[in-house]
Amino acid sequence: MTSRKPMIAGNWKMHNTIKESMELVKGLGEEIKDLDKNAMPEVVLAPVFTSLSSVNDKLVECGCKKMVLASQNCYYEPKGAFTGEVALSMLKEFESLEYVIIGHSERRQYFGESDEMINKKAIAILANGLKPIICCGETLEQREQGVTDSHIQKQITTALNEISAEDTAKSVIAYEPIWAIGTGKTCDSTEANRVIKMIRETVKNLKGENAANSMRILYGGSVKPETIEEQMAQSDIDGALVGGASLKADSFAKIIKGAMVKAAV
Ligand code: PGA
């Protein structure tokens, strides 16, 4: 039996003005207001940088602690001449911000984020008392070539370099096959579970059994209200990183509710 608390994280990507973000968080608050917090998965929202402040204020004001925040990115240097970047000390100003997503395939693909950079970010995030959500996953081409596992092992091994077992246990990994992101083609649940087990085994070999058993590993890629229950029924899937379906209060709330059976175990 696992004691890992399930997590449902909504990655809003480059969507929503401040006004739209506030409408979404308000709608979500309505949808989940009657849910028992203890039976709920941990719910994480990752708005764009410009909306973080307003959404944070709203969550602090409501005081229910049913949702926390993640940033979609950060830079690893503490401050300085890095135009356009955001430091962890600035993200820490938001009381409800606990996580930082790093290594999303869109950041790797469009913004040149390398495994080494992701490792530096993970180290800086943990040193600042926050927790990384480290994304990994293969392209369709890599899957067809049969190199899915070795590719992901390399991503994870580099990302966790020089991170202690204790810090690894606090970190979250999101397995997101790139061909499943935003395409509507969800990865088969048993295959997603197989890859996630392989990731856990990799973490065990690197950091030991305790870290591997404590660390939450999510699945991401076209998660929908219709798929979540089957995904959560898998032994090693601890939750979901949700893109498109997190942009509507009703569909995201259905995903949260679909993860509640496992959360209550
Ligand atoms: P999707 O995005 O749910 O829209 O496929 C997932 C993600 O990129 O995190």
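**Pockets, a cavity and a ligand site**

Mentor: Let us begin with helix 4, which gives the most to the lining of the largest pocket, with four residues. Please keep in mind that this is a predicted model.

Trainee: Thanks! How should I read a pocket, and how much space lies in the largest pocket?

Mentor: The general idea is that rolling a probe the size of a water molecule over the atoms shows where empty space is left. Here, the largest pocket holds about 400 Å³ of space. Its lining is made of 15 residues, and K13, M14, Q72, R107 and F111 are the closest to its centre.

Trainee: Which elements give two or more residues to that lining?

Mentor: They are helix 2, spanning 49–62, and helix 4, spanning 105–111. Sorted by class, the lining of the largest pocket has seven nonpolar, five polar and three charged residues.

Trainee: What about the second largest pocket: how much space lies there, and which residues lie nearest its centre?

Mentor: About 340 Å³ of space lies in the second largest pocket. There are 18 residues in its lining, and K65, K66, M67, V68 and E98 lie nearest the centre. Strand 2 (42–46), helix 2 and strand 3 (67–71) are the elements that give two or more residues to it. Helix 2 gives the most here, with three residues.

Trainee: And how do the residues of the lining of the second largest pocket divide?

Mentor: Into nine nonpolar, two polar and seven charged residues.

Trainee: Let me move on to enclosed space. How many cavities of 30 Å³ or more does the structure hold?

Mentor: A pocket is open, whereas a cavity is a space where the probe fits but cannot get out. This structure holds one cavity of 30 Å³ or more, and the largest cavity has a volume of about 40 Å³. On its walls you will find G103, H104, S105, R108, C135, C136, G137, E176, I178 and I181. Helix 4 and strand 5 (131–136) are the elements that give two or more residues to this lining. By class, the lining of the largest cavity divides into four nonpolar, four polar and two charged residues.

Trainee: E176 caught my eye. Now, which residues come nearest to the ligand?

Mentor: There are 13 residues around the ligand, and K13, H104, E176, G182 and S222 come nearest. The shell divides into four nonpolar, seven polar and two charged residues.

Trainee: How do I read the polar contacts there, and how far is an oxygen atom of the ligand from the side chain of E176?

Mentor: Look for pairs of N or O atoms within 3.5 Å. An N or O atom in the side chain of E176 is 2.6 Å from an oxygen atom of the ligand. For S222, a polar backbone atom is 2.7 Å from an oxygen atom of the ligand. For G244, the distance from a backbone N or O atom to an oxygen atom of the ligand is 2.8 Å. As for cover, the ligand on its own has 280 Å² of accessible area, and the protein covers 95% of this.

Trainee: K13 has come up for the largest pocket and for the ligand. What is the phi of K13?

Mentor: As a general guide, most residues other than glycine have a negative phi. K13 is not a glycine, yet it has a positive phi of about 50 degrees. K13 sits in the loop between strand 1 (7–11) and helix 1 (18–32). K65 also has a positive phi, of about 55 degrees, without being a glycine. You will find K65 in the loop between helix 2 and strand 3.

Trainee: To finish, how many helices and strands does the protein chain have, and what is its radius of gyration?

Mentor: The chain has 13 helices and eight strands. Its radius of gyration is 17 Å, which agrees with a compact globule, because with 265 residues such a globule would have a value near 18 Å. Along the principal axes, the C-alpha atoms fill a box of roughly 45 × 45 × 35 Å.

Conventions
Residues numbered from 1 in each chain as written. Predicted model: local features only at pLDDT ≥ 70, side-chain atom pairs only at ≥ 80, totals over all residues. Heavy atoms only, no water. Near = heavy atom within 4 Å. Polar contact = N/O pair within 3.5 Å; in protein donor to acceptor, adjacent residues only side chain to side chain. Areas by Shrake-Rupley, 256 points an atom, 1.4 Å probe, with all protein chains shown as cover. Nonpolar A, V, L, I, M, F, W, Y, C, P; charged D, E, K, R; others polar. 1 Å grid on protein atoms, 1.4 Å probe; cavity = no way out; pocket = protein on both sides within 12 Å on 5 of 7 lines; lining within 4 Å. Points joined across faces, edges and corners; volume = space filled by probe spheres on them. Rg over C-alpha atoms; globule rule 2.2 N^0.38 Å.
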